[in-house]
Each structure stands twice: as C-alpha cells, then as structure tokens.
Amino acid sequence: MREEKLKIYDALVAKCPRFERKGKTMPYTSANGHMFSLFNKDCEIGIRFSKTVQEKYIQEFPTSIYRSYGAVMRGYILIPERMWDDLDTLAEYLNESYDYVMSLDPK
C-alpha cells in the first residue's frame, strides 16, 4: 500500500522539472531552504501555501491542515486522496507551492 502511494507522489514530483524529490525515509521537496511538500508515514501528501491560499484551498477542496508525525505542519494542507487521480492538476498546485517558497527569504 505504501509503495503504491509513494509511486503516486513520485509521479507527481516528476511532472515538475524545476525541482526533485528528496529524502529516503521521509520523501519531500524543498527549495530556497524551505520544504514545500511532504509524504508522511501515514501515506498522506501535504503541500505548503501562503496563509491566504491555504485557507482558500481548505475550503475549496475541502480538506484540513496537514499533520505529520503528530505535528501540525504550519502552512500545509492535506491533499485528499480523491484528488490523486489528477496529477496534472496536482502538479499545478505543487508548482504554485514552489513559487511561493521561492518568494520567501532563503534559509
């Protein structure tokens, strides 16, 4: 089950040539010193957005704030599994997240 879901996350990241997947045990993406997507131990995908966009997408999808290892991931939303079939649309969200972290001061 985990391997199948991880393949979906990898396929999503592969659609975005400006960055690549990192992490062996905890897959994630990062740029500019900021992590912006994560595949947690519960096989859930979280993507980071600005506070305004996060609130908008929580309503639109509908979904919730993302948690990983019991911690609330500030700025992240949980990507519902029902959305995983449309990787092209998810890639747009992931690219939007990348653009957001690139607008932040580097860490």
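How many helices and strands does the secondary structure of the protein come to? Turn on the cartoon view and count along: there are three helices and five strands. Here helices (H or I, at least four residues) and strands (E, at least two) are DSSP runs, numbered from the N terminus. Following the sequence, the pattern reads α-β-β-β-α-β-β-α.

Before you click further, know that this is a predicted model, in which local features need pLDDT of at least 70, side-chain atom pairs count only at pLDDT 80 or more, and totals for chains, interfaces and linings use all residues. Residues are numbered from 1 along each chain as its sequence is written, and side-chain values use heavy atoms, with hydrogens and water left out.

**Stop 1: the whole protein**

Zoom out. The C-alpha atoms fill a box of roughly 35 × 30 × 30 Å, taken along the principal axes. The radius of gyration is 13 Å, close to the 13 Å that the globule rule gives for 107 residues, so the protein is as compact as a globular protein of that length. That radius is taken over C-alpha atoms, and the globule rule is 2.2 Å times the number of residues to the power 0.38.

Now switch on the surface. The protein exposes about 6,100 Å², with carbon and sulfur atoms supplying 51% of it; accessible areas come from the Shrake-Rupley method with a 1.4 Å probe, and for residues only the protein chains shown count as cover. Of the 107 residues, 45% count as buried. Buried means under 20% relative accessible area, exposed over 50%, and partly exposed in between (1.4 Å probe, protein chains only).

Contact on this tour means heavy atoms within 4.5 Å. Among contacts between residues at least 6 apart in sequence, 55% join residues at least 24 apart.

**Stop 2: two helices that cross**

Select residues 2-14, which are helix 1, and residues 87-103, which are helix 3. Two packed helices are described by the angle between their axes and the distance between the axes. In this pair the axes come within 9 Å and cross at roughly 65°. Axes are lines fitted to C-alpha atoms, for helices over the stretch in contact, and angles run from 0 to 180 degrees between N-to-C directions.

The crossing of helix 1 and helix 3 is right-handed. A crossing is left-handed if the near helix is turned anticlockwise from the far one by less than a right angle, and right-handed if clockwise.

Which residues make the contact? Show side chains for Ile8, Ala11, Leu12 and Val13 of helix 1, and for Leu87, Leu90, Ala91 and Leu94 of helix 3. By class, this contact has eight nonpolar, no polar and no charged residues. Ala, Val, Leu, Ile, Met, Phe, Trp, Tyr, Cys and Pro count as nonpolar, Asp, Glu, Lys and Arg as charged, and the others, Gly among them, as polar.

**Stop 3: Phe39 and Gln54**

Next, select Phe39 in strand 2. Is Phe39 buried or exposed? Phe39 is buried, with a relative accessible area of 0%. Leaving aside neighbours within four places in sequence, its contacts include Arg2, Leu6, Tyr9, Met26, Ile45 and Trp84. Phe39 and Leu6 are 33 residues apart in sequence and 7.5 Å apart in space, C-alpha to C-alpha.

Then move to Gln54 in helix 2 (residues 51-60). Gln54 counts as buried, at 4% relative accessibility. Not counting residues up to four places away in sequence, Gln54 touches Phe49, Ile65, Gly75, Tyr76 and Ile77.

**Stop 4: two positive phi angles**

Most residues other than glycine have a negative phi. Pick Cys43, in the loop between strand 2 (34-39) and strand 3 (45-48): Cys43 has a positive phi of about 60° although it is not a glycine. Cys43 counts as buried, at 10% relative accessibility.

Tyr69 is in the loop between strand 4 and strand 5 (71-79). Its phi is positive too, at about 55°, and Tyr69 counts as partly exposed at 47% relative accessibility.

**Stop 5: the end of the chain**

Finish with Lys107, in the segment after helix 3. At 78% relative accessibility, Lys107 counts as exposed. Beyond its neighbours within four places in sequence, Lys107 is in contact with Asn32, Gly33 and His34. For a last distance, draw a line to Leu78: Lys107 and Leu78 are 29 residues apart in sequence and 24 Å apart in space, C-alpha to C-alpha.
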